[in-house]
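Good morning, colleagues. Please look at the sequence and the structure on the screen, and I shall then take you through several features in turn.

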Amino acid sequence: MKGRVVALVGLEKTEIQEYELPVPEPGAALLKVRRANVCGSDLHIYHHLSVALRDIVMGHEFVAEVETLGDGLTTDSSGAPLAVGDRVVVVYFHTCHRCAACDRGEFSMCFNAIESMALPPDAAPHFHGAFATHFYLSPGQYFYKVPDAITDAEVAGANCGLAQVMFALDKIGLHRGQNVVVQGAGGLGLYAAAVASTSGARVIVVEREPNRIEAAQSFGADDIIDMSVHTTPEERAKQMLDLTNGQGADIVIEVTGRSEAFLEAIEFARIGGSIASVGNLNVGPKFELTIAPAMFTRKQLRVHGYLRYDPWYLRYCLEFIAANRDRFPFESLSDRVYTIDEIDEAIARSESRQVARAAVVPA
Ligand SMILES: [Zn+2]
Ligand SMILES: [Zn+2]
């Protein structure tokens with residue numbers, strides 16, 4: 001039997017390719033993709049802004065079900081019994097347990113994290129990405145069973161967007177009583193607002209698009225700084241001070257992917273505040289800023305970048321969604337589904353910023 005994948009075959013050029021379905025080796029599994037999302041980094045990859053990820057199978061944010069289990073794989077990563085047909089979410093990157101980062105227990109920093117994602121589609125076992133009918137779960141790759149109560153649409157964003165911001169906010173020191181600024185209300189921003197809000201923080205979202213502002217309000221934003229009203233960085237910095245008793249934010253999380261947002265984060269943060277840099281992934285002259293290091297020294301800021309997460313955060317995400325599915329409209333992150341044949345349309349829809357996530361259902 002054959003399956004199909006969306007291969008990136010050139011700059012902004014995709015192609016559907018067919019491959020024989022692999023028989024999973026011991027400890028591995030063949031999964032059937034149920035629903036995948038177009039995430040910001042898929043767009044980044046599509047535009048060849050990633051050097052490491054070019055000739056690949058696209059897609060990494062998804063929910064799937066077990067189609068075939070390799071020998072010896074009887075439980076998920078938390079020890080829950082596993083059977084064919086179970087729905088699962090997968091930590092999309094690898095933790096090799098044989099590099100200096102893994103040796104330190106810093107699993108988000110594994111040197112071999114993108115080992116299989118970076119493989120070209122014609123390299124076995126072919127199904128390295130989620131924009132595909134199937135996904136090959138490698139031996140040792142973390143994954144968790146999805147509780148029956150959670151729908152595919154609610155959980156599809158867990159293994160990238162939600163886990164990413166939950167990890168970043170935890171590590172930067174989120175706790176109740178803080179003023180937390182979320183820059184940008186796309187998928188990551190909405191998840192960040194929800195996580196910060198359930199932690200008892202006050203959430204201030206900075207955004208321009210009316211549809212995104214509305215979404216932010218349903219994901220726990222207490223206040224909005226509307227960039228279409230406060231059009232300059234100076235006005236927005238003043239607005240931030242007005243909203244925080246002249247203090248500024250305890251935590252700023254940048255999830256816009258725009259370099260200028262990082263400059264504003266420095267302005268938004270209070271003296272001694274923290275900045276979590278998550279959205280900015282691009283390097284090169286177009287993305288460079290001029291910053292006086294004194295900005296950090298004088299304000300005594302802590303700045304931390306976060307890329308990927310400790311794998312068990314994906315389990316926390318399942319608990320978070322189950323506990324908050326009545327409070328936040330997780331399903332509203334995508335408004336319609338596309339087939340893998342419509343992938344270019346799905347990507348265009350995501351780029352329009354009219355929807356947080358375009359969803360892809362292989363069918
Ligand atoms: Zn490693
Ligand atoms: Zn992603």
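**From one threonine to the zinc sites**

Apart from neighbours within four places in sequence, Thr244 makes contact with Asn179, Arg202 and Ile204. Please bear in mind that this model is predicted. Thr244 sits in the loop between α7 (233-243) and β11 (249-254). Is Thr244 buried or exposed? With a relative accessible area of 4%, where the limit for buried is under 20%, Thr244 is buried.

Let me turn to the domains. The assignment for the protein chain gives domain 1, which covers 2-156 + 334-360, and domain 2, which covers 161-305. Taken over C-alpha atoms, the centres of domain 1 and domain 2 are separated by 29 Å. In the contacts between them, 10 residues of domain 1 meet 12 residues of domain 2.

I now come to the nonpolar cores. The largest nonpolar core holds 99 residues, and the members that touch the most others are Leu31, Val155, Val205, Ile253 and Tyr309. Helix α4 (residues 158-172) supplies the largest share of this core, namely 10 residues. At least three residues of this core come from each of domain 1 and domain 2. There is also a second, separate core of 16 residues, including Ile204, Ile225, Ala265 and Ile266. Ile204 thus appears twice in this account, as a member of that second core and as a contact of Thr244.

Which residues surround Leu31, leaving aside its neighbours within four places in sequence? Leu31 is in contact with Ala64, Glu65, Val66, Glu67, Val88, Val90, Thr133, His134, Phe135 and Leu137.

Next, the aromatic residues. The structure holds 15 aromatic pairs. One of them joins Phe167 and Tyr306 in an edge-to-face arrangement, at 6.1 Å centre to centre and with 90° between the planes. Phe167 belongs to helix α4, whereas Tyr306 is in the loop between β13 (302-305) and α10 (313-324), so this pair ties together parts that are 139 residues apart in sequence. Both partners are buried: Phe167 has a relative accessible area of 5%, and Tyr306 has one of 7%. Elsewhere in this account of rings, Tyr191, Phe219, Phe320, Phe328 and Phe330 form one aromatic cluster.

Finally, the metal sites. Four sulfur donors coordinate the zinc ion (ligand 1), at 2.3 to 2.4 Å: Cys96 (SG), Cys99 (SG), Cys102 (SG) and Cys110 (SG). What geometry does the site of the zinc ion (ligand 1) have? The site is tetrahedral, with angles of 101 to 121° among its 4 donor atoms. For reference, the ideal angle for four tetrahedral donors is 109.5 degrees. Along the sequence, the donor residues of this ion follow the spacing C-x2-C-x2-C-x7-C. Of these donor residues, Cys96 and Cys99 are buried.

The zinc ion (ligand 2) is coordinated by Cys39 (SG), His60 (NE2) and Cys160 (SG), at 2.0 to 2.2 Å. Its donors are spaced C-x20-H-x99-C along the chain. Cys39, in the loop between β3 (29-38) and α1 (40-46), and Cys160, in helix α4, lie 121 residues apart, and the pair links these distant parts of the chain. Cys39 is buried at a relative accessible area of 7%, and Cys160 also counts as buried, at 7% relative accessibility. Since water is not among the atoms, this site may look incomplete.

Thank you for your attention.

How values were computed
Residues numbered from 1 in each chain as written. Chains lettered and ligands numbered in written order. Predicted model: local features only at pLDDT ≥ 70, side-chain atom pairs only at ≥ 80, totals over all residues. Heavy atoms only, no water. Core = buried A, V, L, I, M, F, W, Y, C linked by side-chain atoms within 4.5 Å. Buried < 20%, exposed > 50% of the residue type's maximum accessible area, 1.4 Å probe, protein only. Helix = DSSP H or I, 4+ residues; strand = E, 2+ residues; numbered from the N terminus. Domains from an automatic or database assignment. Contact = heavy atoms within 4.5 Å. Donors = N, O, S within 2.8 Å, 3.2 Å for Na, K, Ca; no water. Tetrahedral: all angles 85-135°; square planar, octahedral: opposite > 155°, others 65-115°. Phe/Tyr/Trp six-rings, centres within 6.5 Å; stacked < 30°, edge-to-face > 60°.
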